[in-house]
Amino acid sequence: MPHLAEFFDGKMVAHATPQVCRAYAKWRMSQPQARFKVGPGYRFQNIDDVPRVGSQTVRRELGVLSAAFGYAHKEHKLLYPVVVTLPDKTPGRDRWLTRTEAAHLIWVSLGFRNVANDPKGRPIWRRPRVKGPDGEMRAEFDKSRHVARFILIGLYTGTRHEAILRLKWLATTQGGFVDLRSGILYRRGIGEGESAKRRTPVPLSKRLRAHMRRWRPQSVAHVVEFEGRPIDRLRRAWTTARKAAGLGPEVTPHILRHTFATWAVMDGVPFSKVAMALGTTEKVVEQVYGHHAPEHLMSVVESVSRRR
């Protein structure tokens, strides 16, 4: 909203022509991303080196403007609907984690590091140990265990990044919670209404339920905590684990949701059930993950290769 208000300040609705929308996109894409800090001790020392705003960010911002116009037309504040020109939508990401990559990501989150390879080229994992203040040897990377919890919940339930970090052990009005007795993960609180991102309940697998029973006595209120406090966003700890596992920058926390859906579809689970678990529609699952289904176009190739 601040960027839209700055650019369209003093303009009327009729001024939101395709040419002006393209000018807004060009203006925004010339600006540096606000999430990067500049100065001594940070990644970038010069403002010119900071990555620029992407086209999909501009698309989301103009989408807000389009929604505002649509709401105004629905409330009879505008006589005619106004169409906002949006940048082209980029193709969806097809990146997902293999079983080996997911295992490596969990291992590094638990403090293991790839110290060498065996004669067959397979990695050898060890937990580096250091002497603590009390003189006892302990694991060096114990502070990243909350990342392992986050990864397991994302892989086994397909829950979104923010919803995982808001999970609590007891039912509340804000944020989801886990019911270990019934084995169900509720993605939204009791007093929260449904949003566009449907947060439907999902059952816990036997493996994840066993993990959570071990986590429960070690937590204060939230399922994923760091030193007894909740986490707003998983950034630096995730980046550290990703790099230690040898994965690229395209592996973001949201990839866990893609991996959950991809594994389910590849295992032959019907699209309707995958959609119910993700809290989305069957059409979206078919469009995004349908090509991973084992029966995808199988009838076509079998028809051609069948002996006449």
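This is a guided tour of the structure, stop by stop, with a suggestion of what to select at each one.

**Before you start**

The model is predicted, so local features are taken only where pLDDT is at least 70 and side-chain atom pairs only at pLDDT 80 or more, while totals for chains, interfaces and linings use all residues. Residues are numbered from 1 along each chain as its sequence is written, and side-chain values use heavy atoms, with hydrogens and water left out.

**The whole chain**

Select the whole chain and show it as a cartoon, in which there are 12 helices and 9 strands; helices (H or I, at least four residues) and strands (E, at least two) are DSSP runs, numbered from the N terminus. The C-alpha atoms fill a box of roughly 75 × 70 × 45 Å, taken along the principal axes. Of the 308 residues, 37% are buried, where buried means under 20% relative accessible area, exposed means over 50%, and partly exposed lies in between (1.4 Å probe, protein chains only).

**Helix α3 and E61**

Next, select E61, which sits in helix α3 (residues 55–74). E61 counts as buried because its relative accessible area is 13%. Leaving aside its neighbours within four places in sequence, E61 is in contact with H3, L4, Y24 and R28, contact meaning heavy atoms within 4.5 Å.

**Salt bridges**

Now show the side chains of E250 and R95, which meet in a salt bridge (3.3 Å, N to O); a salt bridge is a side-chain nitrogen of Lys or Arg within 4 Å of a carboxyl oxygen of Asp or Glu. E250 lies in the loop between α8 (236–244) and α9, and R95 in the loop between α3 and α4 (99–109), so the pair ties together parts that are 155 residues apart in sequence. Add E101 to the selection, and you have a network of salt bridges that links R95, E101 and E250.

For another of the 6 salt bridges in the structure, select E162 and R233, whose closest N and O atoms are 2.7 Å apart. This pair also links distant parts of the chain, with E162 in helix α6 (residues 161–165) and R233 in the loop between β9 (229–230) and α8, 71 residues apart. E162 is partly exposed, with 39% relative accessibility, and R233 is partly exposed at 39%.

**The cavity**

Keep R95 in view and add R93, D94, W96, H258, T262, V288, Y289 and H292, since together with R95 these residues line the largest cavity. Its volume is about 40 Å³. On a 1 Å grid over the protein atoms alone, a cavity is a set of points where a 1.4 Å probe fits but cannot get out, a pocket is an open set with protein on both sides within 12 Å along at least five of seven lines, and lining residues have an atom within 4 Å of a point. Grid points are joined across faces, edges and corners, and a volume is the space filled by probe spheres set on the points. Helices α9 (255–266) and α11 (282–289) each supply at least two residues of this lining.

**The second largest pocket**

Move on to the second largest pocket, which has a volume of about 430 Å³. Of its 19 lining residues, select R145, H146, R149, W215 and Q218, the closest to its centre. Which element gives the largest share of the lining? That share, 5 residues, comes from α5.

**Helix α12**

Finally, select M298, which lies in helix α12 (residues 298–305) and is partly exposed, with a relative accessible area of 37%.
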